[in-house]
Number of protein chains: 2
Amino acid sequence: MDKTQEEKILDAAYHCIAKDGYARTSLRQIAQEAGVAVSQISYHYTNKEGLLLAVVARAAQNYHEYMKGFMKEGMTPQEKGEQFITLFQEVLQTDPELFRVLYDLAGLALWSEPFRDRVRDVFAGITEQITTEVFDADVLAELGNEYSAKTLASMLFGGLFGIAIQALLEPEDVSIRNSLSALSVIFQK
Amino acid sequence: MDKTQEEKILDAAYHCIAKDGYARTSLRQIAQEAGVAVSQISYHYTNKEGLLLAVVARAAQNYHEYMKGFMKEGMTPQEKGEQFITLFQEVLQTDPELFRVLYDLAGLALWSEPFRDRVRDVFAGITEQITTEVFDADVLAELGNEYSAKTLASMLFGGLFGIAIQALLEPEDVSIRNSLSALSVIFQK
DNA sequence: AGTAAATTCGAACGGTCGTCCGATCGAAAG
DNA sequence: CTTTCGATCGGACGACCGTTCGAATTTACT
């Protein structure tokens with residue numbers, strides 16, 4: 001337990017948001033969870049917005065670490081695509097908190113300018129990774145060159161995202177979870 | 001202007017949420033927008049939660065009226081599928097507020113039990129309509145009977161939903177808007 | 001050891017929130 | 001005309017919010 005207070009606060013903030021959502025999380029909650037005085041948050045992160053922007057960065061980092069562990073060298077683009085879908089399935093079961101935070105922050109971005117930019121970056125990073133690693137020239141040719149790599153990447157990520165929220169709302173419904181696998185029809189035309 | 005106060009309050013609530021999001025909308029805002037005393041909200045809707053549940057019903061109703069106007073008699077299932085995608089494109093351009101409300105309420109459902117049930121109903125209603133009208137036996141056979149109608153419906157709706165949020169965050173990006181059209185590959189295998 | 005800077009704390013502030021309550025209004029019923 | 005009752009209002013209440021500030025403590029450097 002040699003975590004600095006700054007880290008303890010960030011961890012607590014992430015955890016509280018995952019549990020209750022951004023709108024229902026107060027600085028006092030975060031401080032208590034971190035075992036720290038409320039004023040420490042302002043000291044280290046200026047204000048609530050500053051802390052939450054740091055949480056966005058943390059969520060993005062968590063996601064990218066999942067990604068690193070999943071994508072192996074030497075996979076074909078199509079295998080990477082399948083793997084991408086599998087990753088979402090895994091995360092949805094083992095760490096649904098991550099997706100909740102992602103959804104919550106994306107929602108926040110709809111209304112708040114400073115968050116919009118950050119969340120955009122996160123989303124852009126994800127789709128760009130799909131664009132370059134999954135939809136290379138060969139795959140695009142197989143699909144008839146009808147759509148650009150970026151378009152297909154947005155479709156894949158959007159599909160994953162949209163199905164994931166349905167799955168969170170209906171955890172018992174297997175046909176929704178199957179939809180995730182079904183998404184692979186995109187590159188099996 | 002013969003609207004009853006109850007209607008005025010509901011209209012104002014819907015409008016405020018579409019503008020600022022649920023979390024940033026206060027009863028005083030709604031009351032002012034409706035030209036009504038704050039206490040009237042409790043009188044007609046018991047409390048804030050009661051009012052917001054009514055807003056969910058209103059949003060669902062708005063959506064279904066869009067739907068009624070779009071789906072014509074005598075369309076083939078595949079045409080209905082395409083039409084469904086077109087509807088989302090239209091709404092995203094002409095009435096993005098509706099989608100914002102949908103996203104916001106779905107997010108609320110992640111954290112609040114009473115909302116979860118209502119939002120589930122709305123989502124279930126949408127996917128069920130797709131299930132029965134778009135993915136009939138013929139279409140399923142064309143696609144090789146690999147997935148159930150319900151699975152494919154969740155995928156279509158999820159794809160639309162996930163792409164729509166990206167489009168709202170990146171209004172200038174044409175490749176995202178193209179992703180909506182690209183979704184039709186689902187039933188063009 | 002002594003001092004200056006960086007941390008940490010608890011208390012307080014002004015503001016906003018959802019809710020509640022008594023008073024008033026207006027129309028229908030006796 | 002009086003009574004009754006639902007509708008409407010403005011104000012007040014307690015709780016909680018994010019932020020600020022001065023004092024206490026710890027750390028780092030000479």
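This report describes a predicted model of protein chains A and B with DNA strand C, taking the domains, the chain interface and the DNA surface in turn.

## Domains of chain A

The domain assignment divides chain A into domain 1, covering residues 1-45, and domain 2, covering residues 57-187. Between the C-alpha centres of domain 1 and domain 2 of chain A the distance is 28 Å. Nine residues of domain 1 of chain A and nine residues of domain 2 of chain A take part in the contact between these domains.

About 880 Å² is buried between domain 1 and domain 2 of chain A, and carbon and sulfur atoms give 58% of this area. On the side of domain 1 of chain A, Tyr14(A), Ala18(A) and Tyr22(A) supply 64% of the area buried against domain 2 of chain A, more than any other three residues. One salt bridge is counted between domain 1 and domain 2 of chain A. A salt bridge joins the side chains of Arg58(A) and Asp11(A), with an N to O distance of 2.8 Å. Three residue pairs are in polar contact across the interface of the two domains of chain A, with both residues of each pair at pLDDT 80 or more. By class, the side of domain 1 of chain A that touches domain 2 of chain A has six nonpolar residues, two polar residues and one charged residue.

## The interface of chain A and chain B

The size of an interface is often given as the accessible area lost when the parts come together. For chain A and chain B the buried area is about 4,100 Å², with 67% given by carbon and sulfur atoms. Within chain A, the residues that lose the most area to chain B are Leu110(A), Trp111(A) and Leu169(A), which together make up 20% of what that side buries. Each chain brings 51 residues to the contact.

Four salt bridges are found across the interface of chain A and chain B. A salt bridge at 2.4 Å, N to O, links the side chains of Lys150(A) and Asp173(B). The interface of chain A and chain B also holds 15 residue pairs in polar contact, both residues being at pLDDT 80 or more. Five helices of chain A each supply at least two residues of the side that touches chain B: α1 (5-20), α6 (96-111), α7 (113-133), α9 (149-169) and α10 (174-182). The helix that gives the most to this side of chain A is α9(A), with 14 residues. The side of chain A that touches chain B is made up of 24 nonpolar, 16 polar and eleven charged residues.

## The surface near DNA strand C

There are 16 residues around DNA strand C, and those that come nearest are Gln5(A), Ser39(A), Tyr43(A), Arg28(B) and Lys48(B). Of the atoms of DNA strand C that come within 4 Å of the protein, 51% belong to sugar and phosphate. Both α3 (39-45) of chain A and α2 (27-34) of chain B supply at least two residues of the surface near DNA strand C. The largest share of this surface, four residues, comes from α3(A). Five nonpolar, eight polar and three charged residues form the surface near DNA strand C.

Individual side chains approach the backbone of DNA strand C from both protein chains. An N or O atom in the side chain of Gln5(A) is 2.8 Å from a sugar or linking oxygen of DNA strand C. For Gln40(A), an N or O atom of the side chain is 3.1 Å from a phosphate oxygen of DNA strand C. From chain B, a polar side-chain atom of Ser26(B) lies 3.4 Å from a phosphate oxygen of DNA strand C.

Technical notes:
Residues numbered from 1 in each chain as written. Chains lettered and ligands numbered in written order. Predicted model: local features only at pLDDT ≥ 70, side-chain atom pairs only at ≥ 80, totals over all residues. Heavy atoms only, no water. Near = heavy atom within 4 Å. Polar contact = N/O pair within 3.5 Å; in protein donor to acceptor, adjacent residues only side chain to side chain. Nonpolar A, V, L, I, M, F, W, Y, C, P; charged D, E, K, R; others polar. Contact = heavy atoms within 4.5 Å. Buried area = accessible area lost by both parts, 1.4 Å probe. Domains from an automatic or database assignment.
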